[in-house]
Amino acid sequence: MPISQQCIFRGRFTEVTREANLITEGGGIGAYVADFDGDGWEDIYVTCANRGNLLYRNLGSPSADGLPRFHDVTGESGAACSPESKQSQGAALADYDNDGDIDIFVCNLVESNALLQNDGAGRFRDVTRLAGLADNDQSMGAVLFDFDLDGHLDLFVSNIGANRLYKNDGKGGFIECSKYLGNFRGAANLMEGSRRLGGYSTGTLATDVDADGDFDLIVSNYDVNLVTYRNDILRSGASLQIIPQGILSNRSAVGAKVLLYESDSLRASSKLVGMRLIESANGYGCSPEKIAHFTVSPMHSYQAKVIFPSGIVHDIYGLRSGERRVVVEVEGWAGSIMKARRALADLFLGYRSRERYLVLLLGALLFLALLFLGKIFLGVAVHDRPRLAAVYGVSFWACLMLWFAQSQAVFVLRPLLVSASVMILAMIALRVKRLARARPASLEMLQVRLHAFDHGSLIHQLMNRLAFYAENLQAETEISPAMRENLMQVLRNTAAILKQETGAILTYQYANNFAIDLAHELEKHWHLFRTRLAQLRRTLMNNEKLDGGVMVEVVRLQGHIRKTIATLKHRLSAEYYTDVVAVIKNLIEQRGHPGLHLEPTSPLPRARIAEADFSYVLDELFNNALRHSDGRPPQIVCNVKHAYDELQIDVCDNGAGIPENLWEEIFKPGFTTKKNEKGGFGLYHIRQRVEKVGGKLFVAASTPGEGTTMRLCLKTEI
């Protein structure tokens, strides 16, 4: 891009300099935007080095391509763009004479600074000498502000050398009062400090640093650090602040004009207290605060007119000293909608939008991956997903929108890591909560619930009645009020009973991490079933015709629920219950010992113990009986009986027997009858395995020299 061009950009910084007619032959130092001619459109004033300054007039409504158009009115601007001024630096824009238009103070390095008075139509008159501001300073920047709160804008000029402060006398002139700089706390004398340090001040801001109602100064220096000076000058008035807030225009309302009038004299030029411009830039490389400051009398009230760049005008009444009033360009629902549109535009089209798209995509993929892993390892249920999505989303968006990241890597990775950590903690918390709610004997209770579902007369009665209605009621069938009420009652009761039963079954499954795939399947069918029931109930309540398809869907889902619970019951029995008779027969057959026998028995229920554990226990009992046969041919008989809710397995032998005082001692670790040998852990280990599943192992009877009966008691399948 040629350095000789003045450049402006729009949106995502597409250069439109040529289209806007802003091509020049010389480089600029600063650009200042204001409506100099009072037509409602923002013009541009450019200070230049090595050539005269420039003024561009905004031609008004954008063209068909949406671009602004400017016209070079340098030659028609009067003294604003004198060809003799070839080393201009910063400029201060303000209505120093309180006549309602924007005047300019231009800082120059070679020739005298210039105070340019606007006639209201964009033509300027050089009133520097008349105002008493002619000098030989090398000036960099300036700021117009009311330092003594007398209602007139004073002038501070930052120089290479001594800085200067001028007081506005209210009659169009300025009086140098740089001695007052000693009353700005922070240095004994701002001028003297500048001389002593080589004197090279540049940009200056006037702002109320300490919030005491007057203007303080922040001065940047080329030769020393930034310096802040607090204003301790006695003041004659009080401050009033008006803050425009753009909605349709730019957010900071740059370009807005605020005109303050005496009470009951709105728009009367003779009663104008002053006009302030909300600026994007002022002085030398400075961006002032976007607040309109006025000095007013505490004894009076005032009215203001706020003109936004969009052309929207707000009249404000009843203003008093000490007040800080925010004026919103568009209020109500319209303003809220515009704010939302702007926020979305900033989010998806603004700064780091490409990185934001990437992190949103990665965030969605990470959320799905965490859900999948949580479903496998932590038993995340379907109804947990909305809560987890809320937790993940809040933490994700909070990191993305509220926590500023300097680097792109941090911008992308931090929301992912924080939201993933929060979601993992949430899944663990849900898991712990389920475990805490589940009963200790949760697998046994799961079997109880499954048995109750299979054999509960009320559940099957309700589900059968629902199937009956579905098969016999067609969509066109007229339903009597009595039948409608009966069907409503069946729907309510079915939903209530199934909610209770499926909820209990799912709780025990998730608590023990048992058959999670079936738990998810059951939960899915139950949610669909409940949704269809609610749909049928709404149809009946609104006296609408029944949807035959929904009735068929209800019966189908009902069948799926029954089938899933039956599969769950079968898997529980296969994994946690054992056919002890079959295991005994298999073990006797494997050993092939002629002294091992099983007494004939009738069909028996399965016992609650894993098949491998039962085989280990029985094998150890057989080994123990064979070792203590006392020289006789061993005879070991297994007898299995069903007593109420448990199976009793007796292992009877004809061995040496056990003295009664040792019946409990033999189950202690390390106890053995072998002389000079280590051991004694076999019976201890098998009792531990039996007790782990709620069973018992003990000596039922023993006679020395005749034999022993070991009894194993195990809970049965319901």
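pLDDT is the predictor's confidence in each residue, on a scale from 0 to 100. The structure discussed here is a predicted model, and the chain averages a pLDDT of 84, with 91% of the residues scoring at least 70. One stretch falls well outside that description: over residues 185–198, pLDDT stays under 50. For residues 185–198 the model has 28 contacts beyond four places in sequence. Where pLDDT is low, the predicted coordinates should not be read in detail.

The account may begin with a pair of helices. Helix α2 spans residues 332–349 and helix α3 spans residues 353–377. The two pack at an angle of about 85°, and their axes lie 6 Å apart. Since angles of 65 to 115 degrees count as roughly perpendicular, α2 is therefore roughly perpendicular to α3. On the α2 side the residues that meet α3 are Asp346, Leu347, Phe348 and Leu349; on the α3 side their counterparts are Ser353, Arg356, Tyr357 and Leu360. By character, the residues of this contact divide into 5 nonpolar, 1 polar and 2 charged.

The cysteines are considered next. A disulfide is a covalent bond between the sulfur atoms of two cysteines. The structure holds 0 disulfides. For cysteine 81 the reason is distance: the closest cysteine sulfur, in cysteine 48, is 8.3 Å from the sulfur of cysteine 81, which is too far for a bond, because a disulfide requires sulfur atoms within 2.5 Å. Cysteine 81 also counts as buried, at 7% relative accessibility. Cysteine 107 is likewise in no disulfide, the nearest cysteine sulfur being that of cysteine 286, 11 Å away. With a relative accessible area of 0%, cysteine 107 is buried.

Cysteine 286 appears again in the surroundings of threonine 204, a residue of strand β16 (residues 201–207). Apart from neighbours within four places in sequence, threonine 204 is in contact with Val143, Phe156, Ser158, Leu217, Ile218, Val219 and Cys286. The relative accessibility of threonine 204 is 3%, so this residue counts as buried.

Backbone geometry draws attention to two loop residues. Most residues other than glycine have a negative phi. Asparagine 98, however, has a positive phi, near 55°. Asparagine 98 lies in the loop between β7 (88–94) and β8 (103–108). Tyrosine 644 also has a positive phi, near 60°, and is found in the loop between β27 (636–643) and β28 (646–653). Which of the classes, buried or exposed, applies to tyrosine 644? Its relative accessible area is 76%, so tyrosine 644 is exposed. Asparagine 98, by contrast, counts as buried, at 16% relative accessibility.

Strand β28, which follows the loop of tyrosine 644, contains isoleucine 649. This isoleucine counts as buried because its relative accessibility is 1%. Not counting residues up to four places away in sequence, isoleucine 649 touches Ile584, Phe614, Asn639, Val640, Met710, Arg711, Leu712 and Leu714. Of these, Asn639 and Val640 fall within the residue range of β27. Isoleucine 649 may also be related to valine 580: the two are 69 residues apart in sequence, and their C-alpha atoms are 8.7 Å apart in space.

A comparable description can be given for histidine 525, located in helix α9 (residues 516–541). Which residues, beyond those up to four places away in sequence, does histidine 525 touch? They are Leu557, His560, Ile561 and Thr564. For isoleucine 561, the C-alpha atom is separated from that of histidine 525 by 6.3 Å, although the two residues are 36 residues apart along the chain. Histidine 525 counts as buried, given a relative accessibility of 9%.

The final residue in this account is serine 702, in strand β29 (residues 696–703). Leaving aside neighbours within four places in sequence, serine 702 is in contact with Gly657, Ile658, Trp663, Gly707 and Thr708. At 14% relative accessibility, serine 702 counts as buried. Serine 702 and aspartate 137 stand 565 residues apart along the chain, and their C-alpha atoms are separated by 121 Å.

Terms used
Residues are numbered from 1 along each chain as its sequence is written. This is a predicted model: local features need pLDDT of at least 70, side-chain atom pairs count only at pLDDT 80 or more; totals for chains, interfaces and linings use all residues. Side-chain values use heavy atoms; hydrogens and water are left out. Contact means heavy atoms within 4.5 Å. Axes are lines fitted to C-alpha atoms, for helices over the stretch in contact, and angles run from 0 to 180 degrees between N-to-C directions. Helices (H or I, at least four residues) and strands (E, at least two) are DSSP runs, numbered from the N terminus. Angles under 35 degrees count as roughly parallel, over 145 as roughly antiparallel, 65 to 115 as roughly perpendicular and the rest as oblique. Ala, Val, Leu, Ile, Met, Phe, Trp, Tyr, Cys and Pro count as nonpolar, Asp, Glu, Lys and Arg as charged, and the others, Gly among them, as polar. Buried means under 20% relative accessible area, exposed over 50%, partly exposed in between (1.4 Å probe, protein chains only).
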